Amino acid sequence: MIISIKKRDLLIVTAALVLIIFVPFIYSQVGLGAKAGVGVWVVISNQNPVNITINISNAQAFDPKSGGSQGIVISFNVSDPDGLGNVNGTDGNARVIVNFTLGTRDIAQFRTHTICVNTTYPATPTARGVVMFNCTVNMRYYDNNSASWAINVTVIDANGGSATNDTRVFTYNSLASFTITARDVADGAQVNFSGASVGQNNFPAKAPILLNNTGNNDFDQINLTGANLVQVGGASEIAISSFAVNITNNTNGQGIPLSTGALTIPGIPGMGGSDGVNPNATLMHGPGVSGDTVPYPGNADFKSKGNQTLLFFVDIPSGTAAATYNNTWNLTVVDID
Amino acid sequence: MRGLILFLMILVLSSALSLNAEAIAIASDYLESNTMELIEGDSRIYGIRIQNPDPADSRAKVTYDMEFAKAIEFQEEYIIPAGSSVAIQFNITAPKYNKKDNLFSIGFTAHQLTHAPGAGTQFLTSIHKKIKLQVVKSPDRLHVDYLSVAYGIILIVVIFFLYKKRTAKKRAKKGFR
């Protein structure tokens with residue numbers, strides 16, 4: 001397209017174009033269309049904490065503590081352009097949060113710090129000033145073993161500005177661990193048939209035996225190797241086959257007879273491990289009898305796991321001498337895979 | 001005074017009985033899927049720690065499958081102080097790679113040798129644990145698949161015979177001319 005303009009009109013056209021270009025400026029300067037309002041000036045005076053350096057390598061591993069808590073200390077340095085007093089607690093409400101998390105959001109296991117202490121290292125000519133925090137997180141014995149426990153450190157300064165570092169992971173090792181004790185009575189770890197009479201059948205032990213899983217491994221089998229009970233101060237014996245064990249509260253049934261070979265204690269239909277398909281009695285890990293209020297949901301029925309009851313019965317053969325008998329039996333828990 | 005002493009003795013005895021649980025524990029290095037992957041011929045250290053959570057010292061022994069594992073500075077018996085642990089390291093060595101048989105199981109058992117004092121039938125406890133050893137083919141070694149070689153030879157022989165046959169036919173045709 002060609003636009004031809006006469007020379008005499010060129011000046012007028014140029015002036016018109018300049019005017020059009022300056023219309024918005026003129027409009028704003030003369031106040032046409034201006035609305036009354038309040039000018040707002042935002043002055044950001046606080047800067048978020050920066051440079052959270054976690055002093056732990058990804059390869060670091062920790063052992064769970066049998067039946068207890070393992071305190072894991074996370075050490076990290078924090079600096080803040082507004083001054084170290086802004087994060088070390090002297091300027092107000094500064095705080096830190098250290099979380100460990102594992103797994104997908106819906107069933108994630110997590111732990112939060114129980115205590116944090118800090119030390120301030122002011123700047124020197126060669127080094128920037130930092131606040132070093134040491135925060136302790138208590139991991140419980142039943143928390144899952146994994147190399148993917150994520151460390152999440154959040155620092156909130158005195159003015160509410162925050163920074164996060166979630167770049168580090170650590171390994172929580174495996175722990176195969178259990179205890180054995182008489183259930184509900186202070187009888188130690190022994191099975192006691194006191195009160196049984198000669199010729200009596202299906203006589204239950206004074207208290208069942210309780211196995212507590214005090215680690216984070218699952219046991220797929222419980223094997224029991226028995227021995228004849230031997231008369232204390234005498235030569236009589238009660239054959240091991242007179243004793244039986246099961247995992248139900250069925251006082252009318254003896255369960256499976258013991259032997260001097262390793263006996264794998266059977267489960268009951270639908271209640272074995274491995275989603276009910278394991279025919280053996282199992283000892284899965286979980287908070288069970290710990291009395292803990294576990295902060296995370298975990299997998300289905302996880303919170304009820306962690307213990308197994310063994311019920312013992314005896315038939316006292318007629319002709320057995322009235323006396324005290326004892327011996328030692330071997331109990332092995334097996335983690336197959 | 002005598003009554004008070006008797007009361008204290010009974011209290012101490014009761015406490016001892018209430019702590020009288022058998023306990024054994026083995027902490028071990030974490031392995032993804034409980035499996036150690038090793039290139040054939042390579043070795044790696046795998047560590048276990050036997051813990052004694054009881055308030056008294058305990059004795060334990062460890063048995064293990066020796067085919068691929070060898071314990072370092074192994075002792076017949078370990079004394080584990082109360083509330084403490086003892087470390088044992090195994091040197092695991094992968095055998096030669098075999099396509100059909102490259103996943104092995106290594107088991108170890110910690111046996112408690114002492115039980116808490118007391119009358120009645122007591123238990124000695126033990127824990128048996130297994131890890132898997134996955135042997136991986138070494139990229140530096142030449143692996144001869146004998147079956148494939150045999151198939152290859154058969155194929156070459158067949159091709160050779162077909163070629164000979166065809167050459168013989170051609171010669172025969174030429175001879176007729």
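**Note on the contact between chains A and B**

1. In this predicted model, the two chains meet through 34 residues of chain B, which are in contact with 37 residues of chain A. On the chain B side, at least two residues each are supplied by α1 (2-18), β1 (22-28), β3 (43-52) and β9 (121-136). Of these elements, β9(B) gives the most to the side that touches chain A, namely 10 residues.

2. As to the class of residue on that side of chain B, 14 are nonpolar and 14 are polar, while six are charged.

3. The strand β9(B) also deserves attention for its pairing across the two chains, since eight bridges join it to strand β21 of chain A, residues 328-335, and the two strands run parallel. Within this pairing, W329(A) has F123(B) of β9(B) as its bridge partner.

4. The largest nonpolar core holds 48 residues, and the members that touch the most others are L310(A), F312(A) and I26(B), so named from both chains. Setting aside neighbours within four places in sequence, the contacts of L310(A) are with P208(A), I209(A), L211(A), V245(A), I247(A) and I265(A). Another core, of 25 residues, lies apart from the largest one and includes L102(A), W149(A), I151(A) and Y172(A).

5. Turning to the division of chain B, domain 1 covers 22-136 and domain 2 covers 144-177. The centres of these two domains of chain B, taken over C-alpha atoms, are separated by 59 Å.

Definitions and conventions
Residues are numbered from 1 along each chain as its sequence is written. Chains are lettered from A and ligands numbered from 1 in the order in which they are written. This is a predicted model: local features need pLDDT of at least 70, side-chain atom pairs count only at pLDDT 80 or more; totals for chains, interfaces and linings use all residues. Domain bounds come from an automatic or database domain assignment. A nonpolar core is a set of buried Ala, Val, Leu, Ile, Met, Phe, Trp, Tyr and Cys residues joined through C-beta atoms within 7 Å. A residue is buried if 20 or more other C-beta atoms lie within 10 Å of its own, exposed if 12 or fewer, and partly exposed in between; C-beta atoms are placed from the backbone. Two residues are in contact if their C-beta atoms, placed from the backbone, lie within 7 Å. Helices (H or I, at least four residues) and strands (E, at least two) are DSSP runs, numbered from the N terminus. Ala, Val, Leu, Ile, Met, Phe, Trp, Tyr, Cys and Pro count as nonpolar, Asp, Glu, Lys and Arg as charged, and the others, Gly among them, as polar. Two strands pair if DSSP finds at least two bridges between them.
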